[in-house]
Amino acid sequence: MIAIVNTDPKWGIGKAGALQVHISQDLQRFKKMTVGKVIIYGSKTMQTYPQGKPLPNRINIILTRNPQPEMAGSYLADSIDNLLEIIEDLKNTYDYQDNDFIVVGGASIYKLLLPFCTECHVTRIDQELPADSFFPNLDSDDEWQLVTQSDWQKDTKNNLQFCYLHYQRINKTN
Ligand SMILES: NC(=O)c1ccc[n+]([C@@H]2O[C@H](COP(=O)([O-])OP(=O)(O)OC[C@H]3O[C@@H](n4cnc5c(N)ncnc54)[C@H](OP(=O)(O)O)[C@@H]3O)[C@@H](O)[C@H]2O)c1
């Protein structure tokens, strides 16, 4: 399992149920990285998607204890154990590898599933923005190391810069 997230320098990821900022290059990259794969997210994150519905051209697994009609066509998990069963079934039925299962938010689901993740792709915005949802701080977690950082890119529409960070879980047995 891997995670994809967009954060500000303090690991803020959202405000009032929405993203802090929409960076079109980053949203395109998100699409490229997730189409054809399995995305895993909480019901509140679904509400931030177009028409408040699951994303097309991907298998969607939604964590919820309150199934809603909009979730039709998705897999629904009401616990971690249930999620892990669904993942095993999908691996047995299709040709998915561990890295094809992508955790895409929000805060509660990142926290819940980070222990199962081996990689995190973090889009880092260069400026702190108002936030009430956060991703765990990987820089202060000795189980994680930053392995690559891209050059900074400009987002002129939002007047900010961002870069792509790739973190990997350190294999403590090595
Ligand atoms: N920056 C980014 O990359 C990024 C990405 C995604 C989201 N976000 C932001 O994150 C914020 C939302 O995060 P959030 O924590 O409030 O919501 P969330 O994690 O998206 O969804 C929370 C919901 O997930 C379900 N859930 C949580 N734990 C569960 C469990 N153990 N078993 C079954 N269901 C479980 C519950 O759904 P029910 O209430 O339906 O039972 C819960 O209300 C928003 O601001 C959003 O924009 C940011």
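**Strand pairing, core and ligand shell in a predicted model**

Strand E8 (residues 119-125) and strand E12 (residues 160-169) are joined by seven bridges and run antiparallel. Within this pairing, Cys120 of E8 has Tyr167 of E12 standing opposite. The structure described here is a predicted model, and the protein in it has four helices and twelve strands.

E12 also takes part in pairings with other strands. Five bridges join E12 to E10, and these two strands run antiparallel; in this pairing, the bridge partner of Trp144 is Arg169 in E12. Between E11 and E12, which likewise run antiparallel, there are three bridges, and Gln153 has Phe162 in E12 as its bridge partner. E11 and E12 form a hairpin in which four residues lie between the two strands, and Asn159, in the turn, has a positive phi of about 55°. As a general point, the strands of a sheet pair through backbone hydrogen bonds, in either a parallel or an antiparallel arrangement.

The loop between strand E10 (144-149) and strand E11 (153-155) contains Asp151. This residue counts as exposed, because 7 other C-beta atoms lie within 10 Å of Asp151, and the limit for an exposed residue is 12 or fewer. Asp151 and Cys117 are separated by 34 residues in sequence, and their C-alpha atoms are 25 Å apart in space.

On the other side of the E8 pairings, E8 is joined to E1 by six bridges, and here the two strands run parallel. Thr7 stands opposite Arg124 of E8 in this arrangement. E1 also pairs in the parallel sense with strand E7 (residues 101-103), over two bridges, with Ala3 standing opposite Val103 of E7. E1 is mostly covered, six of its six residues being buried. In a regular strand, side chains alternate between the two faces of the sheet. In E1, Ile2, Ile4 and Asn6 point one way while Ala3, Val5 and Thr7 point the other way, and all of these residues are buried.

The largest nonpolar core comprises 31 residues, of which Val5, Ile40, Ile102 and Val103 touch the most other members. The elements that contribute two or more residues to this core are E1, E4, E5, helix H3 (80-93), E7, H4 and E8. When residues up to four places away in sequence are left out, Ile40 touches Ile61, Leu83, Phe101, Ile102, Val103, Val104 and Leu113. In soluble globular proteins, nonpolar side chains tend to be buried together.

A further buried residue, Pro54, is found in the loop between H2 and strand E5 (59-63). Pro54 counts as buried because it has 21 C-beta neighbours inside 10 Å, where the criterion is 20 or more. Leaving aside residues up to four places away in sequence, Pro54 touches Met46, Asn60, Ile62, Met71, Gly73 and Ser74. Pro54 and Asp81, by contrast, are 27 residues apart in sequence and 22 Å apart in space from C-alpha to C-alpha.

A separate part of the description concerns an open sheet of three strands, which has the order E3-E2-E9 and antiparallel pairing. E3 and strand E9 (133-134) stand at the edges of this sheet with a single partner strand each, so one side of each strand is left without a neighbour in the sheet. E2 and E3 pair in the antiparallel sense over two bridges, and Lys15 stands opposite Ala18 in E3.

The ligand is surrounded by 28 residues, and the closest of these are Gly14, Gly42, Lys44, Gly105 and Gly106. Two or more residues of this shell come from each of strand E1 (2-7), strand E2 (12-15), strand E3 (18-19), strand E4 (38-42), helix H2 (43-46) and helix H4 (107-113). The largest share, four residues, is given by H4. By residue type, the shell divides into eleven nonpolar, 14 polar and three charged residues.

Taken over the whole protein, the C-alpha trace spans about 45 × 40 × 25 Å along its principal axes. A compact globule of 174 residues would have a radius of gyration near 16 Å, and the protein agrees with this because its own radius of gyration is 16 Å. Of the 174 residues, 29% count as buried. Among contacts between residues at least 6 apart in sequence, 63% join residues that are at least 24 apart.

Key
Residues are numbered from 1 along each chain as its sequence is written. This is a predicted model: local features need pLDDT of at least 70, side-chain atom pairs count only at pLDDT 80 or more; totals for chains, interfaces and linings use all residues. A residue is near a molecule or strand if its C-beta atom, placed from the backbone, lies within 6 Å of it. Ala, Val, Leu, Ile, Met, Phe, Trp, Tyr, Cys and Pro count as nonpolar, Asp, Glu, Lys and Arg as charged, and the others, Gly among them, as polar. Two strands pair if DSSP finds at least two bridges between them. The radius of gyration is taken over C-alpha atoms; the globule rule is 2.2 Å times the number of residues to the power 0.38. Two residues are in contact if their C-beta atoms, placed from the backbone, lie within 7 Å. A nonpolar core is a set of buried Ala, Val, Leu, Ile, Met, Phe, Trp, Tyr and Cys residues joined through C-beta atoms within 7 Å.
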